[in-house]
Amino acid sequence: MTFKGIFPALTVVGFILAVWTLAVIPMNAHLTADQAQRDDMIITPEAPRERQEISGLGLALKNPAIIPLTYVQQRPRLPSPHQVAYEMYDTIFTKAPTSRKSLVYHAWVTLSATLLGFVIGTTLGVLLAVGIVYNRTMDKSVMPWAITSQTIPILALAPMVIVMLGAIGIQGLLPKSIISAYLSFFPVVVGMVKGLRSPDGMQLDLLRTYSASANQGFWKLRLPASMPYLFTSLKIGISAALVGAIVGELPTGARAGFGARMLVGDQYGQPMVTWAALFAAAITAAMLVAILSLMERRTLARMGMGAAA
Amino acid sequence: MSLVISAANLDLTFETNDGPVHALKDVNLEINKGDFVSFIGPSGCGKTTFLRCIAGLETPTSGEISVNGMTPDEARRARAYGYVFQAAGLYPWRTIGGNIRLPLEIMGFDKADQAERVSRVLELVDLAGFEKKFPWQLSGGMQQRASIARALAFDADILLMDEPFGALDEIVRDHLNEQLLQLWARTEKTIGFVTHSIPEAVYLSTKIVVMSPRPGRISDVIDSPLPKERPLDIRDSPEFIEIAHRVRDGLRAGHSDD
């Protein structure tokens with residue numbers, strides 16, 4: 001991202017933070033009021049049943065004293081930004097990375113499955129694309145199924161994959177990676193088919209005048225021509241792979257990884273844990289995409305196609 | 001003089017969704033070694049198709065065609081010709097030197113030979129010093145010159161050019177025409193050149209093949225009396241204007257009967 005590009009992006013972040021901060025008040029007003037009443041504060045209306053009748057915003061306006069308290073609840077419905085930030089700081093920087101309490105530990109669990117799945121998915125995607133471009137039968141048969149595969153909700157498919165692989169003794173990293181691969185191969189197939197077919201008739205004729213072999217045509221023309229398409233696909237693929245790994249952690253009661261943290265936070269009433277995992281996952285995805293963007297710029301610049309990037 | 005390309009009773013029909021298209025009908029032509037032959041005619045007259053037949057990129061429906069005494073397909077596999085397309089078609093990810101090396105790599109020339117040939121043909125098209133530049137750093141005319149260098153790099157005796165200067169402006173085109181003549185004089189290649197510009201055809205050629213459309217056929221073959229040495233102002237000479245007239249008449253005749 002260029003320096004100039006940072007300001008619009010920060011403006012959006014600032015806006016989201018502002019909306020979030022304001023939303024904390026009405027979202028947490030009722031439970032804050034209940035707690036405050038137990039701590040002998042005077043709350044209007046006094047009866048909890050009556051309070052259910054009015055909105056969170058109305059309740060906060062009637063009892064301005066509870067507004068600061070909505071930001072410091074132990075188990076808020078919506079944690080405030082600073083609570084999430086503290087939870088992230090606490091679990092990333094103050095715990096040993098090998099500890100189960102460390103978010104770095106959980107990040108690594110999810111990241112390793114993501115990267116393995118991404119490698120499997122990308123390899124599969126490139127191989128399928130080569131097959132589709134060079135083989136008429138594969139062109140007719142594979143593409144429709146690749147598209148169909150992506151119409152199946154991954155949330156429905158993931159538990160089946162995990163349970164079935166578990167039944168034949170495959171557990172841990174690989175089942176999650178397979179779900180990652182399942183999500184990440186598709187953009188690679190689509191992008192690479194387009195990229196490998198991007199050389200025009202004239203460029204192909206040129207190779208025919210040299211009586212170049214199909215092999216030479218692939219390595220000297222089709223593959224280099226597909227590079228800009230490949231990188232675009234990889235950036236979509238790696239974020240899909242991360243989502244896949246997290247989804248793979250949800251249905252089985254996995255004990256580690258971002259998915260497990262989100263589930264634990266939800267089930268044990270620790271919203272800060274869920275939110276911290278959510279943001280950590282988003283930051284991880286952003287970093288992965290940023291690394292790929294950097295590789296893209298480097299590669300295309302070296303190939304003299306910097307302007308295309 | 002030895003015969004390099006000969007076509008006899010050549011016919012080519014394309015099957016399209018709108019029915020068959022008769023692209024070439026009864027084409028007879030002989031091209032000798034060292035000839036500069038232009039093919040001129042309106043679009044759809046089959047001039048590019050004929051060039052592609054010589055190159056073995058299209059297969060005639062019937063008739064005989066031989067290149068260096070072989071079928072065009074064999075000649076293509078023997079790398080008998082270099083082909084220059086309408087657009088330069090340089091690979092954007094290769095430098096100018098890398099683009100010229102492309103046919104050499106494919107044909108398996110060794111590294112030292114490749115380097116020597118690249119610098120020699122760059123010199124020939126007046127692009128010495130541009131070896132490490134990428135195509136986007138060059139103007140359109142320079143890119144087209146690089147693509148000619150690419151076609152020259154492996155020393156084929158025949159150079160086939162399909163409207164190579166069609167997309168360039170007139171001043172650049174004049175300049176390139178002059179350079180092409182010098183290059184032809186130096187290398188003594190046999191050149192087949194497709195164009196739709198009458199002055200270009202007359203200025204460059206020793207033999208002008210006038211073609212007409214529907215079906216694509218040869219309506220006139222003119223052997224140019226102009227000397228081999230041709231400064232640009234030869235275009236104002238009476239001989240030049242006379243040949244240009246004959247070409248124009250041939251084109252008009254082709255037009256009137258469709």
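This is a short talk on two chains, A and B, and on where they touch.

One caution to start. The model is predicted.

Chain A first. What is its secondary structure? Helices: there are 12 of them, and 0 strands. Read from the N terminus, the chain is α after α, right through to the end. The chain is divided into two domains. Domain 1 covers 3-78, and domain 2 covers 103-308. How far apart are their C-alpha centres? They lie 40 Å apart.

Now the overall dimensions. A compact globule of 309 residues would have a radius of gyration near 19 Å. Chain A comes out at 25 Å. Along the principal axes, its C-alpha atoms fill a box of roughly 90 × 55 × 40 Å. Of the 309 residues in chain A, 35% are buried. On contacts, take those with a separation of 6 or more. In chain A, 75% of these join residues 24 or more positions apart.

Next, the contact between the chains. How many residues does each side give? Chain A puts in 16 residues, and chain B puts in 18. On the chain A side, two helices each supply at least two residues: α9, at 201-209, and α10, at 214-249. The largest share comes from α9(A), with 6 residues. By class, the chain A side has 8 nonpolar, 5 polar and 3 charged residues. Keep α10 of chain A in mind.

Over to chain B. I'll begin with an open sheet. It has 3 strands, in the order β2-β1-β4, with antiparallel pairing. Which strands sit at the edges? They are β2 (19-32) and β4 (62-67) of chain B, and each pairs on one side only. Direction ignored, neighbouring strands of this sheet are turned by 20° against each other on average. Look at β1 of chain B, residues 3-16. It pairs with β2(B) over 10 bridges, in the antiparallel sense. One pair to find on screen: B:Leu10, whose bridge partner in β2(B) is B:Val27.

Now β3 of chain B, residues 36-40. Is this strand mostly covered or mostly open? Covered: 5 of its 5 residues are buried. In a regular strand, side chains alternate between the two faces of the sheet. Here, B:Phe36, B:Ser38 and B:Ile40 point one way from β3(B). B:Val37 and B:Phe39 point the other way. The residues pointing either way are all buried.

What does β3(B) pair with? One partner is β7 of chain B, residues 190-195, which runs parallel to β3(B) and is joined by 5 bridges. In that pairing, B:Phe36 has B:Ile191 as its bridge partner. Another partner is β8 of chain B, residues 207-212, again in the parallel sense, over 4 bridges. There, B:Ser38 stands opposite B:Ile208.

Last stop, helix α3 of chain B, residues 96-107. Its buried residues include B:Ile96, B:Asn99 and B:Ile100. B:Arg101, B:Leu102, B:Pro103 and B:Leu104 are buried too. What covers them? Within chain B, the cover includes α4 (111-124) and α5 (140-152). From across the contact, it includes α10 of chain A. That is the helix I asked you to remember, one of the two that supply at least two residues to the chain A side. Just after α3(B), B:Gly108 takes a positive phi of about 75°.

That's the tour. Questions, please.

Methods: Residues are numbered from 1 along each chain as its sequence is written. Chains are lettered from A and ligands numbered from 1 in the order in which they are written. This is a predicted model: local features need pLDDT of at least 70, side-chain atom pairs count only at pLDDT 80 or more; totals for chains, interfaces and linings use all residues. Domain bounds come from an automatic or database domain assignment. The radius of gyration is taken over C-alpha atoms; the globule rule is 2.2 Å times the number of residues to the power 0.38. A residue is buried if 20 or more other C-beta atoms lie within 10 Å of its own, exposed if 12 or fewer, and partly exposed in between; C-beta atoms are placed from the backbone. Two residues are in contact if their C-beta atoms, placed from the backbone, lie within 7 Å. Ala, Val, Leu, Ile, Met, Phe, Trp, Tyr, Cys and Pro count as nonpolar, Asp, Glu, Lys and Arg as charged, and the others, Gly among them, as polar. Two strands pair if DSSP finds at least two bridges between them. Axes are lines fitted to C-alpha atoms, for helices over the stretch in contact, and angles run from 0 to 180 degrees between N-to-C directions.
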